[in-house]
Amino acid sequence: MKKGILLLASLLLLAPHPARAAETYELNVAHPVTATHPISVYLAALLDDIRAKSGGRLEFHVYENNTLIKSDGMFKAIRDGGTDIGMLPPGFVPADMPHSMTHDMSFMSSNASTAGELMWAMRELPEVQAELNKANAVLLFAASGDRPALGSLSTPIRQMSDLKGKRVLFWQANFIDEIKAWGGIPVQISIPDTYVALQRGMGEVMYGAIPMFASLKLQELIKHLTIMPSSMGGTMWLINKDSLASLPPDLQKLLLDETGEKASLGISNAVYQAANRDLDAMTRAGVEIIRLSPEELAPWKAASIAATSPYWESLLRRAGDKDTAPWMQRVRALAEKVETK
């Protein structure tokens, strides 16, 4: 009997065991943009690619359009683990990420592509690393919005004198000083009211990001669009440090290898190309697209920087920078290096 039991045990030990299914690791991804936005489209393809390369071991649950976390709560959610990965515009939390948001100072980048590259390059600066540590996060990649523009109902805008005395509709509060410096009269409105506000003559000019002109169908109203590469509106895509550490080393490496600089340039270039398609569509609709030369942009740039610098200096001083000039000079030098690569 004992021999029979021992034989059975030996056979069981030798028998092949069923393979254990590979463990799946799930990450939540939260962001505020819609499914059709170029950022969302690129992100979906990127995550599908990472999922495939992980052999299905990495799974992403994407919550777009503020459905999981509202934009103004993203910093806290990423820091505290309310989401694993999130899209954070540093400008939404100036007290927490003042150095990180200076990529958005006036006339730092000429388009979304170079703005995204600048944001990725800034991650190596100690002040930005300190702010990422404060967020308990690692930067996966950066993504930028594209160029603003001045859309005019009647008069082409080529010189600041063309804007003088005109009511300029806008959405973002940081445009106020800039519009005043250019001679315009700022009139802040909400995005949903834009078409009707222009239609009813609340302003003669609209100042906003190029993609928004097309999505709001403003080409039906405006006659001229002057590209004004001032403030791009960049975002950081962050992963909570604890969420990253919870992954096996090989999946951590895969995630970091497949994002980084490659994704920063890819997603920002996708935004830039989408804006160019919008410009082509507006041209076909009869809108004159005005592209100013560097010499023509120079007075606009000088007036904008002079008007907005006090805000940035005040922001950095509140963060503890006694002398703000070295930081601002360093970031502008980095931006120039990226532009001339």
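This passage walks through a predicted model of one protein chain, from its overall make-up to a few helices, salt bridges and backbone details.

Taken as a whole, the chain contains 14 helices and eleven strands. Its C-alpha trace spans about 105 × 50 × 35 Å along the principal axes. Of the 341 residues, 48% count as buried. As for how the chain meets itself, 76% of the contacts between residues at least 6 apart in sequence join residues at least 24 apart.

Helix H2 is a good place to start on the details. It runs over residues 38-53, 16 residues in all, and the distance from its first C-alpha to its last is 23 Å, close to the 22 Å expected at 1.5 Å a residue. Its buried residues are Ile-39, Ser-40, Leu-43, Leu-46, Leu-47, Ile-50 and Arg-51. Looking down the axis of H2, these buried residues fall within an arc of 135 degrees, so they line one face of the helix. Quite a mix of elements covers them: strands S1 (25-30), S2 (58-63), S4 (137-144) and S10 (234-240) are included, and so are helices H11 (249-258) and H12 (260-284). Just after H2, Gly-55 has a positive phi of about 70 degrees.

Helix H11, part of that cover over H2, has a buried side of its own. Leu-251, Leu-254, Leu-255 and Glu-258 are the buried residues here. They take up an arc of only 95 degrees around the axis, so they sit on the same side of H11. Pro-249 and Lys-253, on the other side of H11, are exposed. As with H2, there is a glycine with positive phi just past the end: Gly-260 follows H11 with a value of about 60 degrees.

Turning to charged pairs, the model has 16 salt bridges. In general terms, side chains of opposite charge can pair when their charged atoms come close. One of these bridges joins Asp-250 and Arg-57, with 2.6 Å between the closest N and O atoms. This pair links distant parts of the chain, as Asp-250 belongs to H11 and Arg-57 to the loop between H2 and S2, 193 residues apart. Neither partner is buried: Asp-250 counts as partly exposed because its relative accessibility is 42%, and Arg-57 also counts as partly exposed, at 22%.

A second bridge pairs Lys-134 with Asp-96, the closest N and O atoms being 3.3 Å apart. Lys-134 lies in helix H5 (residues 126-134), while Asp-96 is in the loop between strand S3 (85-88) and helix H4 (112-122), so the bridge ties together parts that are 38 residues apart in sequence. Lys-134 is partly exposed at 43% relative accessibility, and Asp-96 is partly exposed too, with a relative accessible area of 23%.

Glu-124 and Arg-123 also form a salt bridge, with the closest N and O atoms 3.2 Å apart. Glu-124 is exposed, its relative accessible area being 57%. Charged residues can also join up in larger groups: Asp-49, Lys-53, Glu-258 and Lys-262 are linked in a network of salt bridges. Within this network, Glu-258 is also one of the buried residues of H11.

Among the strands, S6 (residues 167-170) and S7 (residues 185-188) run parallel and are joined by four bridges. Val-168 stands opposite Pro-186 in S7. Together with helix H7 (residues 176-181), S6 and S7 make a right-handed β-α-β unit.

Lastly, two backbone spots deserve a look. Phe-107 is not a glycine, yet it has a positive phi of about 55 degrees. Phe-107 is placed in the loop between S3 and H4, and its relative accessibility of 10% makes it buried. Asn-136, likewise not a glycine, has a positive phi of about 55 degrees. Asn-136 is found in the loop between H5 and S4. With a relative accessible area of 19%, Asn-136 counts as buried, because the cut-off for buried is under 20%.

Conventions. Residues are numbered from 1 along each chain as its sequence is written. This is a predicted model: local features need pLDDT of at least 70, side-chain atom pairs count only at pLDDT 80 or more; totals for chains, interfaces and linings use all residues. Side-chain values use heavy atoms; hydrogens and water are left out. The expected span of a helix is 1.5 Å times one less than its number of residues. Buried means under 20% relative accessible area, exposed over 50%, partly exposed in between (1.4 Å probe, protein chains only). The arc is that of the directions from the helix axis to the C-beta atoms. Contact means heavy atoms within 4.5 Å. A salt bridge is a side-chain nitrogen of Lys or Arg within 4 Å of a carboxyl oxygen of Asp or Glu. Two strands pair if DSSP finds at least two bridges between them. A crossover is right-handed if, with the strands pointing away from the viewer, the path from the first strand over the helix to the second runs clockwise.
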